Amino acid sequence: MSVSTIKPAQICHVVPDSIAAEIGFEAGDAIVSINGMKPRDLIDYQFLCADEYLELEVLDAKGKSHHLEIEKDYDEDLGLEFDNALFDGLIQCNNRCSFCFIDQQPPGKRQSLYLKDDDYRLSFLYGSYLTLTNLPEREWQRINQMRLSPLFVSVHATEPEIRRQLLKNDRAGEILTQLQWFADHRLQIHAQVVVCPGINDGPHLERTLRDLAEFHGGDLPAVISAAVVPVGLTRFRPNLAELSPVDQAKAQEVIAQVTALQAEFRERFQTNFAWLADEWFLIARAELPPESHYEDYPQLGNGVGSIRQFIRDFLNTADETLPPAIAKPKHFTWVVGNAVEQAFEPLVARLNQVEHLTITLAALNSDYWGQAITVTGLLTGEDLIKKLAGRDFGDGILLPTVMLKHDEAKFLDDKTVAEVAIALETPIYAVENVLDLMNRCCQD
């Protein structure tokens with residue numbers, strides 16, 4: 001990446017009472033350089049700002065250049081937040097996976113939905129998965145020099161021909177060599193395997209998990225954990241005949257296969273190592289494993305144990321937070337994906353133990369994506385409008401924020417919460433977590 005492609009780091013927020021606030025930084029200002037270096041990304045910024053003495057070149061919102069000198073404690077944060085973690089642009093994916101969710105969307109939505117992220121920096125900063133197929137040598141060197149670990153890697157298959165088939169990229173077959181590089185440099189990854197029936201399941205899945213386990217030994221395992229995730233398909237996907245959805249029988253088969261391997265890994269490593277995403281149990285109509293199964297939730301971001309954790313947090317919080325009764329009768333409709341309907345029924349029953357409180361669970365699938373079973377985060381505004389029209393919502397809808405863009409009240413289909421509320425003629429209350437849900441239900 002040439003220096004000329006690096007843009008000034010645009011500041012979106014200044015933390016009150018921070019060093020930056022005292023100096024007079026404002027949202028709209030931009031960092032050009034720190035001690036003569038132009039930061040490529042948030043990683044560079046954090047590294048450069050760790051020093052005790054900083055010389056900054058700053059552009060204010062009007063484009064005027066300023067040179068500042070700052071003395072501070074080592075590692076003390078300046079208190080600046082940026083509108084983007086990457087100042088030199090996103091490293092985009094060069095694979096052509098048939099199961100890629102980006103390619104399984106309809107055209108005409110917001111541009112950010114079509115960006116194919118395969119950037120190791122976002123993997124390090126936020127836990128997004130990358131394939132390692134597009135990294136030139138200088139980026140491998142940077143990963144090592146800056147000790148960017150752990151990264152999160154989409155492996156899918158360790159057999160070169162199978163991985164090349166899945167990613168449609170000749171470089172995809174280098175994965176075992178790349179994993180050895182992490183081991184040699186004492187760096188770590190979390191792995192992901194998206195199971196596509198008929199392609200990388202059965203003996204191929206077992207081979208992949210056993211290969212990955214070979215990198216788990218030693219005092220610093222190169223592969224910390226592996227998540228096994230069912231392929232998610234929508235009606236918009238290209239090459240309809242190439243992929244098959246996961247049905248109940250396949251889910252039961254994979255659960256049995258991975259559960260047997262987990263027993264081996266526990267005996268060998270004292271950990272499950274390989275983890276099944278919650279969706280397998282939901283599709284199989286099987287009971288979720290107990291909380292003790294998930295250890296320290298190493299693959300939570302992949303949906304491994306997220307439902308069990310939510311249930312645990314709910315039950316641990318309920319007795320302290322939920323009152324025996326509320327003063328005025330309230331009735332809310334709690335909208336979730338139908339994948340969690342069975343798991344959430346006890347939670348609804350507990351909420352309804354509060355006198356004068358009525359919670360109705362609306363568990364929906366997504367016709368927008370063409371899915372019979374849908375996780376909550378994939379429900380769209382169009383799904384809500386079509387499936388809930390004409391219902392009595394009581395005092396309004398409780399909407400998990402996992403359905404929405406992280407920085408805007410907008411669904412995956414670009415409909416806004418306000419538009420859906422108008423269409424359904426009811427208030428919609430976004431709830432972020434267990435405590436938020438309970439407070440909304442019981443507040444005066």
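## The second largest pocket

Let's start with the second largest pocket, which holds about 280 Å³ of space. Of the 16 residues lining this pocket, Ala286, Glu287, Leu288, Gln342 and Ala343 are the closest to its centre. Bear in mind that this is a predicted model.

Who builds the wall? Helices α9 (278-284), α10 and α11 each chip in at least two lining residues, and α11 gives the most, with 5 residues. If you're thinking about the chemistry of the lining, the split by class is 10 nonpolar, 2 polar and 4 charged residues.

## Between α10 and α11

Two of those helices are also joined by a salt bridge: Arg350 and Asp319 meet through their side chains at 3.3 Å, N to O. Arg350 sits in helix α11 (residues 341-351) and Asp319 in helix α10 (residues 306-321), so this pair ties together parts that are 31 residues apart in sequence. The two partners differ in how much surface they show. Arg350 counts as buried because its relative accessibility is 18%, under the 20% cut-off. Asp319, on the other hand, is exposed, with a relative accessible area of 63%.

Leu315 is another residue of helix α10. Its relative accessibility of 49% makes it partly exposed. Measure from C-alpha to C-alpha and you'll find Leu315 at 9.7 Å from Pro346, with their positions 31 residues apart in sequence.

## Salt bridges elsewhere

How many salt bridges does the structure hold? The count is 23. One of them pairs Asp41 with Arg121, with the closest N and O atoms 3.0 Å apart. Here the link spans distant parts of the chain: Asp41 belongs to the loop between β2 (30-34) and α2 (42-48), while Arg121 is in helix α3 (residues 120-126), 80 residues apart. Are these two buried or exposed? Asp41 has 0% relative accessibility, so it counts as buried. Arg121 also comes out at 0%, and so is buried as well.

That pair is part of something wider. Arg40, Asp41, Asp44, Asp88, Asp119, Arg121, Arg138, Glu139 and Arg142 are linked in a network of salt bridges.

Another salt bridge joins Lys410 and Glu408, whose closest N and O atoms are 3.5 Å apart. Lys410 is buried at 17% relative accessibility, whereas Glu408 is partly exposed at 36%.

## Helix α7 and what packs on it

Now for helix α7 (residues 203-213), where Leu205, Thr208, Leu209, Asp211, Leu212 and Ala213 are buried. Which elements do those buried residues pack against? On the helical side there are α6 (175-184) and α8 (248-269). The strands are β7 (189-195), β8 (223-230) and β9 (274-276).

## Glu159 and its partners

Glu159 is found in the loop between β6 (151-154) and α5 (160-167). At 10% relative accessibility, this loop residue counts as buried. Leaving aside residues up to four places away in sequence, Glu159 touches His204 and Arg207. With His204 there is also a polar contact between the side chains, at 2.8 Å.

Key: Residues are numbered from 1 along each chain as its sequence is written. This is a predicted model: local features need pLDDT of at least 70, side-chain atom pairs count only at pLDDT 80 or more; totals for chains, interfaces and linings use all residues. Side-chain values use heavy atoms; hydrogens and water are left out. A salt bridge is a side-chain nitrogen of Lys or Arg within 4 Å of a carboxyl oxygen of Asp or Glu. Helices (H or I, at least four residues) and strands (E, at least two) are DSSP runs, numbered from the N terminus. Buried means under 20% relative accessible area, exposed over 50%, partly exposed in between (1.4 Å probe, protein chains only). Contact means heavy atoms within 4.5 Å. A polar contact is a pair of N or O atoms within 3.5 Å; within protein, one must be able to donate a hydrogen and the other to accept it, and residues adjacent in sequence count only if both atoms are side-chain atoms. On a 1 Å grid over the protein atoms alone, a cavity is a set of points where a 1.4 Å probe fits but cannot get out, and a pocket is an open set with protein on both sides within 12 Å along at least five of seven lines; lining residues have an atom within 4 Å of a point. Grid points are joined across faces, edges and corners, and a volume is the space filled by probe spheres set on the points. Ala, Val, Leu, Ile, Met, Phe, Trp, Tyr, Cys and Pro count as nonpolar, Asp, Glu, Lys and Arg as charged, and the others, Gly among them, as polar.
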